[in-house]
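Colleague: I would like to learn how to read rings, burial and pockets in a protein model. Could we go through them together, one feature at a time?

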Amino acid sequence: MSDLIKIPMFPLTIFPLPGELVPLHIFEPRYRQLLDDAETKDISFGIYFNHTLNREKFGSLVKLESIIKRYPGGESDIIVKCTDLFLMDTLYRTFRDKLYPGGDVTMMNTDMYAPTSVKLTEKYKEYAAQMNITPSTKNISIYHIANDLSMDFESKLKFVSAEDERKESFLFNQLNYHHQLLLQAEKSKDVFHLN
């Protein structure tokens, strides 16, 4: 991990993982100012996961991918992409001379492209075939798998809290769990008959 740095902040009750694309609707003046800075100055900003489950104070560093729509009143629909994770130290009401919040964070420097083991990759390919998912890349990473699993907040927090060597086994167990759910769903189709 790196030293403490100050970044612009957008506290929300979402927790994107590296590689994940997230749609946001921007309407408050302070976050419209943040969007303007992200667009004109090409800055990244943090989405602090503002939830009681987040005892370790995780957040996601995101970068503006695209602006989908601009509304006459100044609102916007945008897409951001998570590029890293951080641990929040201090959240400030404003960032320097801006309207929007800021925070002191420690970046986790995640490698969202680190390859996975053959065992996990094979398990993921089985899951992807069951779900009719075409893997988006030849080099499947733990974050590609985690994003395709669409985990709930609690599972995401357990995943990012795990030591690096335990992240793969966590995902392997998640894939097994999803596999069992899919099998049960298939079995239940045979039980119900349409009348």
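Colleague: Which ring does the charged end of Lys119 sit over?

Modeller: This is a predicted model, so let's read it as one. To find such a case, look for a Lys or Arg whose charged end is within 6 Å of a ring centre and within 35 degrees of the ring normal. Here, the charged end of Lys119 lies over the ring of Phe172, 4.6 Å from its centre. Lys167 does likewise with the ring of Phe159, at 5.9 Å from the centre.

Colleague: And rings beside rings: how many aromatic pairs are there?

Modeller: Ring centres must lie within 6.5 Å to pair, and the count here comes to 8 aromatic pairs. Take Phe49 and Phe153: their centres are 4.8 Å apart, with 55 degrees between the planes, and the pair is tilted. Phe49 sits in the loop between strand S3 and strand S4 while Phe153 belongs to helix H4, so this pair ties together parts that are 104 residues apart in sequence. Phe49 and Phe153 also join Phe15 and Phe58 in one aromatic cluster.

Colleague: Are Phe49 and Phe153 buried or exposed?

Modeller: Buried means under 20% relative accessible area, and exposed means over 50%. Phe49 has a value of 0%, so it is buried. Phe153 is at 30%, so it counts as partly exposed.

Colleague: What kind of pair do Tyr143 and Phe159 make?

Modeller: Planes over 60 degrees apart count as edge-to-face. The planes of Tyr143 and Phe159 are at 75 degrees, with the centres 5.6 Å apart, so this pair is edge-to-face. Tyr143 lies in helix H3 and Phe159 in helix H4, so the pair links parts 16 residues apart in sequence. Both residues are buried.

Colleague: Where is His178 found, and which residues is it in contact with beyond its neighbours within four places in sequence?

Modeller: His178 is part of helix H5, residues 164-191. With that sequence neighbourhood left aside, His178 is in contact with Tyr127 and Leu149. At 18% relative accessibility, His178 counts as buried.

Colleague: Last one: how do I read a pocket?

Modeller: Rolling a probe the size of a water molecule over the atoms shows where empty space is left. In this model, the largest pocket has a volume of about 410 Å³. It is lined by 20 residues, and the closest to its centre are Thr110, Tyr143, Ala162, Asp164 and Lys167.

Colleague: Which helix gives the largest share of that lining?

Modeller: That is H5, with 3 residues. H3, H4 and H5 each supply at least two. By class, the lining has 10 nonpolar, 4 polar and 6 charged residues.

Terms used: Residues are numbered from 1 along each chain as its sequence is written. This is a predicted model: local features need pLDDT of at least 70, side-chain atom pairs count only at pLDDT 80 or more; totals for chains, interfaces and linings use all residues. Side-chain values use heavy atoms; hydrogens and water are left out. Rings of Phe, Tyr and Trp (its six-membered ring) pair if their centres lie within 6.5 Å; planes under 30 degrees apart count as stacked, over 60 as edge-to-face and the rest as tilted. Helices (H or I, at least four residues) and strands (E, at least two) are DSSP runs, numbered from the N terminus. Buried means under 20% relative accessible area, exposed over 50%, partly exposed in between (1.4 Å probe, protein chains only). Contact means heavy atoms within 4.5 Å. On a 1 Å grid over the protein atoms alone, a cavity is a set of points where a 1.4 Å probe fits but cannot get out, and a pocket is an open set with protein on both sides within 12 Å along at least five of seven lines; lining residues have an atom within 4 Å of a point. Grid points are joined across faces, edges and corners, and a volume is the space filled by probe spheres set on the points. Ala, Val, Leu, Ile, Met, Phe, Trp, Tyr, Cys and Pro count as nonpolar, Asp, Glu, Lys and Arg as charged, and the others, Gly among them, as polar.
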